[in-house]
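Please open the model in your viewer with the sequence panel beside it, and keep a selection tool ready. The tour goes from one selection to the next and says what is to be found at each.

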Amino acid sequence: MTIKEYNTCVDLHSDGVYRFILKNIRDDDRAKDIVQDTFEKLWLKVSSIDYTTAKSYLYTAAYHTMIDAIRKEKVSSDIEAVEIFSHTPSKPFHDIKKVIDKALSRLNHIQRSVIMLRDYEGYSYDEIGDITGLNESQVKVYIYRARIAMREYIVSIDNVV
């Protein structure tokens, strides 16, 4: 990949990678750091990566960088999400975007990642498997379970009234 192709890649994909990471970790500063680290990794391997596969490489690297950042901080968001979900009363929502964002935030990071890659970014099951390191059937199961969890949250009358 040439420097011009790298710059084009930054222009084309930086917003998408940022949105993907931000939706998963919900922290603006951490998301920006992860995206910057991802593009640094691309820059370090610029000579060995083909321009046609750069987008896939970026999302894969961003996903793994995000997982590494989560592990470093030792955030047990899954346990906290379960406690919050079961012990706090629901607040009414009038904006569907807020309801969907809240439903997404209740998913664990793997489910949220595969839903974001599939429904927001439009990747195929096979491509999501390549990015996340899961096989195609695992991707389908995670997407199915995430959609069930989101549907259960969204159809609750307490959450949409």
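Begin by selecting R26, which sits in the loop between helix 1 (3–25) and helix 2 (28–44). In this predicted model, the phi angle of R26 is near 55°, a positive value in a residue other than glycine. That deserves a second look, because most residues other than glycine have a negative phi. As for its surroundings, R26 is partly exposed, with a relative accessible area of 46%.

Now step back to I25, which still belongs to helix 1. Is I25 buried or exposed? Its relative accessibility is 9%, and since buried means under 20% relative accessible area, I25 counts as buried. If you display the neighbours of I25 and leave aside residues up to four places away in sequence, you should find that I25 touches R30, A31, I34, M66 and I70. Of these, M66 is worth labelling: it lies 41 residues from I25 along the chain, yet the two C-alpha atoms are separated by 8.1 Å.

M66 leads on to helix 3, so select residues 54–73 next. For its 20 residues, a rise of 1.5 Å a residue gives an expected span of 28 Å, and the end C-alpha atoms are 28 Å apart, which agrees. Colour by burial and look for A54, L58, Y59, T60, A61, A62, Y63, T65, M66, I67, A69 and I70, which are buried in this helix. What do the buried residues of helix 3 pack against? Their partners are helix 1, helix 2, helix 6 (109–120) and helix 7.

Keep helix 3 on screen and add helix 7, which covers residues 125–132. The axes of helix 3 and helix 7 are 8 Å apart and make an angle of about 50°, and the two helices are therefore oblique to each other. To see where they meet, show the side chains of S56, Y59, T60, Y63 and H64 in helix 3 together with D130, I131 and T132 in helix 7. By class, the residues of this contact of helix 3 with helix 7 divide into three nonpolar, four polar and one charged.

With helix 7 still selected, bring in helix 8, residues 136–155. Here the axes of helix 7 and helix 8 are again 8 Å apart, but the packing angle is about 100°, so helix 7 and helix 8 are roughly perpendicular to each other. The residues to show are Y125, I128, G129 and T132 from helix 7, and E136, V139, K140 and I143 from helix 8. This contact of helix 7 with helix 8 has four nonpolar, two polar and two charged residues.

Then zoom out to the whole chain, where nine helices and zero strands are found. Buried residues make up 35% of the 161 residues. Among the contacts with a separation of 6 or more, 70% join residues 24 or more positions apart.

Finish by colouring the chain by pLDDT, which averages 82, with 84% of the residues scoring at least 70. Select residues 82–89, where pLDDT stays under 50 and for which the model has three contacts beyond four places in sequence. Caution is needed there, because where pLDDT is low the predicted coordinates should not be read in detail.

Methods:
Residues are numbered from 1 along each chain as its sequence is written. This is a predicted model: local features need pLDDT of at least 70, side-chain atom pairs count only at pLDDT 80 or more; totals for chains, interfaces and linings use all residues. Side-chain values use heavy atoms; hydrogens and water are left out. pLDDT is the predictor's confidence in each residue, from 0 to 100. Contact means heavy atoms within 4.5 Å. Axes are lines fitted to C-alpha atoms, for helices over the stretch in contact, and angles run from 0 to 180 degrees between N-to-C directions. Helices (H or I, at least four residues) and strands (E, at least two) are DSSP runs, numbered from the N terminus. Angles under 35 degrees count as roughly parallel, over 145 as roughly antiparallel, 65 to 115 as roughly perpendicular and the rest as oblique. Ala, Val, Leu, Ile, Met, Phe, Trp, Tyr, Cys and Pro count as nonpolar, Asp, Glu, Lys and Arg as charged, and the others, Gly among them, as polar. Buried means under 20% relative accessible area, exposed over 50%, partly exposed in between (1.4 Å probe, protein chains only). The expected span of a helix is 1.5 Å times one less than its number of residues.
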